[in-house]
Amino acid sequence: ASFSFDPASNQLKYNVAASGFQAGDILAATIHRTTKDDIGPTILLLANHSFDNLAGTETLSSTDREKLLSGGLYLQIATRVKGTGNIRIPLTPNAQR
């Protein structure tokens, strides 16, 4: 996954590629707020269906902008796969994972 943040517009661009999953294994992709390792509330729904590639742009609120810059947002990919369950990826501005 790659993320790019434009602080002038508060826009977060994302590109998420999912590989190694069977059709229908991915259930959703969401962005959450968090503190440390806590499970935080969903702030953005990127997909509520299976996907191979997912790309787009979302505008963050001022609160979520500050959370992003302080390491307080993460991408969660919900799956049906036992043993994997939900995949959690911390968001950092202008990072690739």
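## The β1–β2 hairpin

In this predicted model, strand β1 (residues 2-6) and strand β2 (residues 11-17) pair in the antiparallel sense over five bridges. Near the turn, D6 of β1 has Q11 as its bridge partner in β2. The two faces of β1 differ in their surroundings: F3 and F5 make up the covered face, whereas S2, S4 and D6 lie on the uncovered one.

Four residues stand between the two strands of this hairpin, and within it N10 takes a positive phi near 65 degrees. That value is found in N10 although the residue is not a glycine. Most residues other than glycine have a negative phi.

## N10 and its surroundings

N10, placed in the loop between β1 and β2, has a relative accessible area of 13% and is therefore buried, the limit being under 20%. Which residues does N10 touch, not counting those up to four places away in sequence? They are F5, E58, T59, L60, S61, S62 and R65, and F5 belongs to the covered face of β1.

With one of these residues, R65, the side chain of N10 also makes a polar contact of 2.8 Å. The side chain of R65 meets that of E66 as well, in a salt bridge with an N to O distance of 3.5 Å. E66 itself is partly exposed, at 47% relative accessibility.

## Salt bridges

How many salt bridges does the structure hold? There are two, and the pair of E66 and R65 is one of them. Another is formed by R33 and D64, whose closest N and O atoms are 2.5 Å apart. This pair links distant parts of the chain, since R33 is in strand β3 and D64 in helix α1 (residues 62-69), 31 residues apart.

The partners in this link are not equally accessible: D64 is buried, with a relative accessible area of 7%, whereas R33 is partly exposed, with a relative accessible area of 27%.

## Strand β3 and its partners

Strand β3 (26-33) is largely enclosed by the rest of the structure, because six of its eight residues are buried. On the side of β6 (73-79), β3 pairs in the antiparallel sense over seven bridges, and within this pairing A29 has I77 as its bridge partner.

The pairing of β3 with β4 (42-47) is likewise antiparallel and runs over four bridges, with T30 standing opposite L45 in β4. Strand β3 thus has antiparallel pairings with both β6 and β4.

## T34, R88 and Y74

T34 has its place in the loop between β3 and β4. Is T34 buried or exposed? At 8% relative accessibility it counts as buried, because this value is under 20%. Leaving aside its neighbours within four places in sequence, T34 is in contact with G40, K67, G72, Y74 and R88.

Among these residues, R88 is joined to T34 by a polar contact of 3.2 Å between their side chains. R88 has a further relation to Y74, another residue in contact with T34, for the charged end of R88 sits over the ring of Y74, 3.7 Å from its centre. T34, R88 and Y74 are in this way connected through the contacts of T34 and through the placement of the R88 charge over the Y74 ring. As for pairs between aromatic rings, the count for the structure comes to zero.

## The loop between β6 and β7

R80 lies in the loop between β6 and β7 (87-90). What is the relative accessibility of R80, and how is the residue classed? The value is 55%, and R80 therefore counts as exposed, the limit for that class being over 50%.

Although exposed, R80 touches G24, D25 and L27, not counting residues up to four places away in sequence. For G24 the relation can be given in atomic detail, since its backbone oxygen lies 2.9 Å from a polar atom of the side chain of R80. The C-alpha atoms of R80 and A23 are separated by 11 Å, the two residues being 57 residues apart along the chain.

Definitions and conventions
Residues are numbered from 1 along each chain as its sequence is written. This is a predicted model: local features need pLDDT of at least 70, side-chain atom pairs count only at pLDDT 80 or more; totals for chains, interfaces and linings use all residues. Side-chain values use heavy atoms; hydrogens and water are left out. Buried means under 20% relative accessible area, exposed over 50%, partly exposed in between (1.4 Å probe, protein chains only). A polar contact is a pair of N or O atoms within 3.5 Å; within protein, one must be able to donate a hydrogen and the other to accept it, and residues adjacent in sequence count only if both atoms are side-chain atoms. Contact means heavy atoms within 4.5 Å. Two strands pair if DSSP finds at least two bridges between them. A salt bridge is a side-chain nitrogen of Lys or Arg within 4 Å of a carboxyl oxygen of Asp or Glu. Rings of Phe, Tyr and Trp (its six-membered ring) pair if their centres lie within 6.5 Å; planes under 30 degrees apart count as stacked, over 60 as edge-to-face and the rest as tilted. A charge sits over a ring if NZ of Lys or CZ of Arg is within 6 Å of the ring centre and within 35 degrees of the ring normal.
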